[in-house]
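Please open the model in your viewer and keep the selection panel at hand. The tour proceeds from one chain to an interface and then to a pair of helices.

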Amino acid sequence: MSPRGRQAAPDEKTVGTAAGPSLEKAAAVADDLPEAASPEELAAQWEAEKPEPAGLTTNVVLALLVIGFGGAGVVGSLALGTGSLGEPGPGTWPLVVSSAIALLGLVLLVQARATSDTERFTSDSWVVPPAVLTLVPFAYLIEIVGFEIPSVVLAFVWLKVLGREGWRTSVVGALLMTVSFYLIFVTALGVSLPHLF
Amino acid sequence: MDIAPVIDGFGVVLQPENLLYCLIGVVVGMLVGVLPGLGPAATIAILLPLTYAVEPVTAIIMLAGIFYGAQYGGTITSVLLRLPGEASSVVTVFDGYALARQGKAGTALGIAAIGSFVGGTVSIIALTLVAPFIASFALDFGPPEYTMLALLGILLVAAVGNGSRTKAFVAAAIGLLLATVGRDGFTGAERFTFESLSMADGLDFVPIAMGIFGLAEILHSLENRGKLGKPPAKVSNPWPSRKDLKQSSGAIGRGSVIGFVLGILPGGGAVLSSLAAYGLEKKRSKTPERFGKGAIEGVAAPESANNAAATSSFIPLLTLGIPANATIAVIFGALLIQGITPGPGLVEDHPELFWGVVNSMYIGNILLLMMSIPLVGLFVKILTIRASIMAPITVLITLIGVYTVNNNSFDIVLVIVFGVLGYLMKKAGFEPGPLVLAFVLGSLLESNARRSLILFDGDVAGFATRPISGTLLAVLVVVLVLPLLGFVLRRSLAGRSGPAAPGPGGGVTGETPSDSPSDTPTDTPSDTDAPEGRTKESSR
């Protein structure tokens, strides 16, 4: 099924006669884009491109985590004092909700073998922890040194290290972004954002 | 109905300053909504801080602009990148992308903008007429009715989502638990604050929504980089020809009506209506074989329907105070922060606010139509910017934005925490929508449940004996039991042919929505079941 063969088949007439672009132009655009698939093929393709589901161990650990979270909630709610149904205390509602979480965790545990909606962590996932780590100093530094330096550093790391951009793009990009944000937030909107300059 | 407040509302909305903010909202909403990975809920969440710098009425108007802009942003990626912004744009991909390949991306986007405008407008007019009546009906609701209503809203959103129902319920329950953090309104006891002063007043909605929708999506798309398609270098004239308009006018009209009606249903309204509208057009068409290969009606119908549905899902919010899906939940949170509590009392007590919200939707919709077609070229340019450059920009907008809401760096920490949580939830197959929705409704649900219990003197049966809360309870039971029944039935049928029973996740959820529209050809829902799971963002 060549892209051009499929593309030309039923629509030749419409494309040719409509006010739209000529056939040659359409073919040129078609070369630019990946093949248009029928809904069925598209569905199948999306299905195939889906990240691989995680294994049984992950599902079991996940279910246990949910149970644990619910359990912790139950303990915390009991400590708050649960009152009675006629006179609910501060812990009554959290107790109901936490018990539900723990119970649903048990259901997840039972279903663990049939679960396939998880995404396996791949080598690409390694980009996420360092990305998160760059955000933390931003939170702590913004009130001490203003937002400019943390912004430049964050943008630079995301461009150069995480985005594998070149040196020039990274440096210029980081500076440009920070200057734009300064102009938008400080100069134009006048919001009280801690800033150095 | 009293007309005066409606007209007054227009007077407010049409002030030049408000129009300007609405315009900014539409443009910024489209700009961010067009970024792959960010659906409407994420877009609105990220842009929430922008609305705090201005006064309430202006903020609502800007919000309406952002809402419509974000919706349309998702359409642009559907047509150009084959990447639907949310589940309700999945069907648009089939014919929209086929048109793009024929060099007619502009036509597809133009017709989508016109369809969205018509669908939205039809829906707002109907909303204007219907909402005050529903609200007056709901004025008699007491705590038990609200308890049931909130519970039903959360359950429905969790039940109609993609993926595992159990996990959606877990997410909703976690949202409810998060809502209890802070000082208890009844007893003053501090709950789950871990002696932290920052948490004594409870967790703020904005950092949670921004983290779980916004940052989580950014982190998740970091690892999926390079798997995106490339947009066409140039998009043709977006003004549809007379022939295109004539061909799609019927589809737009029918789509608008389907969208309005189905959109009132909680949760899946927009998705269901886009499927139903597409199916109906394909069935009515004399040349159904064109569908999926670039039929203009195949873009017009679902886009009119999903915008009409997105608009009519404001009805439960504005009349009952119950958001119908995750995107509306974000709007609900934003309105609460502006000091507006959506609910039955809003029309009566604050008509200027109620009609301000409704009328700003009219304006947002018109501005969307005016801006989207001329700006199509600009959006295509944005799509060609590399993800590695867009990512730091969106991250910085999120971090700086959330700080400006309360001038509190603890909010940045919260965004990071919930961003990581949202990322992990996505990996683990938990939808973020139910969590955010449940968090927003959590304190309303708890306080009404507790008031009801005090009212009933601890007798839970009281919920069943009052007529309205009893009816709602019955609906709730049906929602919970029906899919279980279906599952058991299928299991026993499948049991005969072999042990390979479908997993409860994918099997059950697909059935519920696709059973109801009887006029949908059987192939349409099954075509689209699978892709729904891969939308950029599940916004319910």
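How many helices and strands make up the secondary structure of chain A? In this predicted model, select chain A and display it as a cartoon: eight helices and zero strands are present. Followed from the N terminus, the elements read α-α-α-α-α-α-α-α. Colouring by burial next, one finds that 32% of the 197 residues of chain A count as buried. Among the contacts in chain A with a separation of 6 or more, 56% join residues 24 or more positions apart.

Now add chain B and select the interface. Here 82 residues of chain A are in contact with 75 residues of chain B. On the chain B side, the elements that give two or more residues include helix 5 (90-101), helix 10 (205-223) and helix 20 (432-456) of chain B. Helix 18 of chain B provides the largest share of that side, with eleven residues. Coloured by class, the side of chain B that touches chain A shows 39 nonpolar, 21 polar and 15 charged residues.

Next, isolate helix 5 (residues 92-111) of chain A together with helix 8 of chain B. Their axes come within 9 Å and cross at roughly 155°; the two helices are therefore roughly antiparallel to each other. The crossing of these two helices is left-handed. Show side chains for the contact: among the residues that make it are A:Val97, A:Ile101, A:Leu104 and A:Leu108 of helix 5 of chain A, and B:Phe169, B:Val170, B:Ala173 and B:Leu177 of helix 8 of chain B. By class, this contact has 13 nonpolar, three polar and no charged residues.

Methods. Residues are numbered from 1 along each chain as its sequence is written. Chains are lettered from A and ligands numbered from 1 in the order in which they are written. This is a predicted model: local features need pLDDT of at least 70, side-chain atom pairs count only at pLDDT 80 or more; totals for chains, interfaces and linings use all residues. Helices (H or I, at least four residues) and strands (E, at least two) are DSSP runs, numbered from the N terminus. A residue is buried if 20 or more other C-beta atoms lie within 10 Å of its own, exposed if 12 or fewer, and partly exposed in between; C-beta atoms are placed from the backbone. Two residues are in contact if their C-beta atoms, placed from the backbone, lie within 7 Å. Ala, Val, Leu, Ile, Met, Phe, Trp, Tyr, Cys and Pro count as nonpolar, Asp, Glu, Lys and Arg as charged, and the others, Gly among them, as polar. Axes are lines fitted to C-alpha atoms, for helices over the stretch in contact, and angles run from 0 to 180 degrees between N-to-C directions. Angles under 35 degrees count as roughly parallel, over 145 as roughly antiparallel, 65 to 115 as roughly perpendicular and the rest as oblique. A crossing is left-handed if the near helix is turned anticlockwise from the far one by less than a right angle, and right-handed if clockwise.
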